[in-house]
Structure formats: C-alpha cells, structure tokens
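Thanks for making time this morning. I would like to walk through one model with you, starting from a single side chain and working outwards.

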Amino acid sequence: MIPKQYRIHLVLMLSVLAIFIVPIINEIPDSGKENLATESAELFLGLVDSGQYQKCWEGASSLLKSKIDQEKWAKNLMD
C-alpha cells in the first residue's frame with residue numbers, strides 16, 4: 001500500500017498531467033472541417049482580392065454582418 005503522503009502527490013501529479021494532456025488531445029482538428037474552413041477562407045479572400053466587396057460581405061458570417069453594415073464594409077475595403 002502506498003503511504004498517504006505519497007498518494008496525495010501521485011494524485012496531484014496525475015491531475016497536472018491531465019491539465020496539460022486533455023487540451024492537446026482536443027486540439028486535433030477534424031480534417032473535413034479543416035478543409036472546409038480553408039476552402040471558405042480562400043473563397044472569401046478571393047472575392048476581396050478581386051474587388052467583389054458586396055459579394056464577400058453577403059457570404060460573411062453573421063458576426064461580421066452584425067459589426068459592420070454592407071456599405072461601410074465596401075467603403076473601408078476600397079480606401
């Protein structure tokens with residue numbers, strides 16, 4: 001049997017390891033989602049690069065749309 005003082009240390013060490021290992025395991029990206037995100041970003045940036053500001057705003061996320069209206073978005077990119 002492990003003495004009580006060492007059991008506490010063992011539990012603490014395992015807890016610290018879990019704190020570091022669990023986030024690393026959860027960071028492994030799903031390749032399908034990663035590819036979809038990459039394609040979406042390339043499409044969005046392609047629209048910006050080609051000057052199609054209205055079109056890229058239409059395809060933007062609701063978060064972006066809630067922060068800036070379409071006219072202001074286009075005006076800021078043109079300046």
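Phe 44 is partly exposed, with a relative accessible area of 23%, where buried means under 20%, exposed over 50% and partly exposed anything in between, using a 1.4 Å probe and protein chains only. Before I go on, please keep in mind that this is a predicted model, in which local features need pLDDT of at least 70 and side-chain atom pairs count only at pLDDT 80 or more, while totals for chains, interfaces and linings use all residues. Residues are numbered from 1 along each chain as its sequence is written, and side-chain values use heavy atoms, with hydrogens and water left out.

What does a search of the whole structure find in the way of aromatic pairs? It finds one, counting rings of Phe, Tyr and Trp (its six-membered ring) whose centres lie within 6.5 Å, with planes under 30 degrees apart called stacked, over 60 edge-to-face and the rest tilted. The partners are Phe 44 and Trp 73, in a tilted arrangement with 6.1 Å centre to centre and 45° between the planes. Because Phe 44 lies in helix 2 and Trp 73 in helix 5, the pair ties together parts that are 29 residues apart in sequence; helices here are DSSP runs of H or I with at least four residues, numbered from the N terminus.

Trp 73, at 13% relative accessibility, counts as buried, and the buried residues of helix 5 (residues 70-78) are Gln 70, Trp 73 and Ala 74. They cover an arc of only 95° around the axis, taken from the directions from the helix axis to the C-beta atoms, and so sit on the same side of helix 5. These buried residues pack against helix 2, helix 3 (53-58) and helix 4 (62-67), a contact being heavy atoms within 4.5 Å, whereas the face turned away from the buried side carries the exposed residues Glu 71, Lys 72 and Lys 75.

Trp 73 and Ala 74 also belong to the largest nonpolar core, which has eight residues in all, the others being Leu 47, Val 48, Tyr 53, Cys 56, Trp 57 and Ile 68; such a core is a set of buried Ala, Val, Leu, Ile, Met, Phe, Trp, Tyr and Cys residues joined through side-chain atoms within 4.5 Å. Helix 3 gives the most to this core, with three residues. Tyr 53, leaving aside residues up to four places away in sequence, touches Leu 47, Val 48, Trp 73, Ala 74, Leu 77 and Met 78.

Note on methods: Helices (H or I, at least four residues) and strands (E, at least two) are DSSP runs, numbered from the N terminus.
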